[in-house]
Amino acid sequence: METEKEIDLEHLYPKPYCVADGCLAREVYKKDRAKPEIVQVCNFIPFMVSQVTEDNGAELSSRVKVGAIKNGKRLPDVDISHEEFNGMGWITRVWGFGCNIAEGSSTKDKIRFAIQATADKADSVMIYTVTGWKKIDGQYHFLMPDDTAQTVKLPGKMSGYTMKRDYSATDIERSFSLLDCRLAPKEIIYPLVSFAFMSPLNCFLREAGCEPKTVLMLTGKTGSKKSTLAALFLSFFGHFTASTLPLSFKDTENSIMYHAFALKDTLTCIDDFHPSGRQDEFNMTSTAQIIMRAYGDRVGRGKLNARSDPMETRYPQGNAIVTAEFAPDIGESGTARYIAVEMNTDSLDIDSLSAYQEEAARGTFNACMFAYTEWIRETFLCDAEKEKEIKKYLHEMFVDKRDEMIKRLIKSRVNFHPRIPEDTSVMRIGFKLFLKFLLVKNIIDDDLYQLFLLEFDDVMYSLAVAQCRSVEQDKPVFKFICKINALLESGRYFVAPKERGRVDRNLSCLGYEDDKSFYFFKSLSHSAVKKLCDEQGELFSISENALSKQLIA
């Protein structure tokens, strides 16, 4: 029913409805007449064009597309929800008051019935508003916009996402060339490559019990081209530049979480943690906290619908790069939920960057990602047995590398948060699978494959150690000691010799000292540190009792 020529007006409606004089009409039989009387229902001919079902990854919703002909001309088609369709109030709102409905309390219901009666002639359309792997008719399919087999539509700021459906060996070779690190040091490139090629594995990693629970944070001063580099790696999943990244810290938290759920098995970027003032820093830090917990926990907030029925929870289903001028102050727990990669103003080779940007614009990286997802589908998702094997394989890889990283950190006497070995091990999975793909495509040989893995392990160990130190510095005890020291050195407070006995609290005395220890007044010292943190715009939310327990431990 896409054009007026395809509409068979004579057989459009079932009896007693019909088309008469270019209008929807109804045959009405009366006792004293042998032939029916033709009664106009409305002065146009409405019909259903298509029935649309939307799958957003959590639930199905449906709507209808309705068309009409008036005075021999096709009116604009209108998309309406099932709930709105029944009321018929949309007719004059969309098509204007020239579309007149006959008088009578039940006339709107007659029009509804007549339109609905054309449903068997309407198209049925399935639209996906989510990306990533979906089993359709028993076969896995990687959903992305511009799909030739399925209709995928991403609203709003996700318009840059797409995927070419063809590739060449050259596309893979040029994508592999990122690993030669002419663009940037391997400490920057390897984690980004890992994140990009780990993303299409997300849903299977979740089922294997080792879903990524971290964010990759690119930090550096203005001019270090963090956003430019993030856009380059997002080009594996579409067309992006530094000015068209999908998300930023200026977006609302709800908007970020909505996009994070829809972008399943893909990579996104939340750009520009760059507070310009005290209130701006408070707002952005709050957003950063929510982002880290959302990606770090992968658990959505429970909600109820209008009928108080529980709704499907929505959580990030892909991976995220965050760009920031400096790491946000989000405490020990928040810091443990990201891996930081630091960039300097000279980290990127500008000539190489320009060349790779041209490749991205041509769709080279995007084509490589299509080849990679096709390899995953053909190798690991071709039947149920293979699918079980890949989940087992992913879990075993995760456990082995996690335990190996734990042993390495312990041997080096590095205090570590349990999340950090898990984060580095799951990132290695993405890097290793990309190398396996290159090996199968004869881009690299086995010796190069092993060399890259060894280099990646060393890079991730260095990043893990740095992250462990950052987490340590964000511990409340560490911050308390640093701030107490600053207060004493500044002269705002002091400690008295223990042998002098009790000292008047009004003299800014935080406690006592002897040759071996400090003895701080619990409430006063906690209050002084909290006040200093508030003045400096830093987070210090631990209670007095909790701080005391951690100091004792």
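Me: At about what angle does helix H3 run to E3?
Reply: In this predicted model, helix H3 covers residues 107-116 and lies across E1, E2 and E3. Its direction relative to E3 is about 90°.

Me: What is the order of the strands in the open sheet?
Reply: E1 (residues 17-20) and E2 (residues 23-28) pair in the antiparallel sense over four bridges. E2 is also joined by five bridges to E3 (residues 37-42), again antiparallel. E1 and E3 are the edge strands, each pairing on one side only. The order is therefore E1-E2-E3.

Me: Which residue takes a positive phi in the hairpin of E1 and E2?
Reply: The hairpin has two residues between the strands. A positive phi near 55° is found there at Asp21.

Me: Which residue in E3 is the bridge partner of Leu24?
Reply: Leu24 belongs to E2, where it is the bridge partner of Val19. Between E2 and E3, Val28 is bridged to Glu37. The partner of Leu24 in E3 is Cys42.

Me: Which helix gives the most to the largest nonpolar core?
Reply: The largest nonpolar core has 96 residues, and Leu179, Leu183, Phe236 and Leu438 have the most contacts inside it. Leu183 touches, among others, Ile189, Leu229, Leu232 and Tyr356. Twelve residues of this core come from the helix of residues 446-473, H15.

Me: How many residues does the second, separate core have?
Reply: In soluble globular proteins, nonpolar side chains tend to be buried together. Here a second core is separate and includes Tyr17, Ile45, Trp95 and Ile115. Its residue count is 30.

How values were computed. Residues are numbered from 1 along each chain as its sequence is written. This is a predicted model: local features need pLDDT of at least 70, side-chain atom pairs count only at pLDDT 80 or more; totals for chains, interfaces and linings use all residues. Side-chain values use heavy atoms; hydrogens and water are left out. A nonpolar core is a set of buried Ala, Val, Leu, Ile, Met, Phe, Trp, Tyr and Cys residues joined through side-chain atoms within 4.5 Å. Buried means under 20% relative accessible area, exposed over 50%, partly exposed in between (1.4 Å probe, protein chains only). Contact means heavy atoms within 4.5 Å. Axes are lines fitted to C-alpha atoms, for helices over the stretch in contact, and angles run from 0 to 180 degrees between N-to-C directions. Lists of a residue's contacts leave out its neighbours within four places in sequence.
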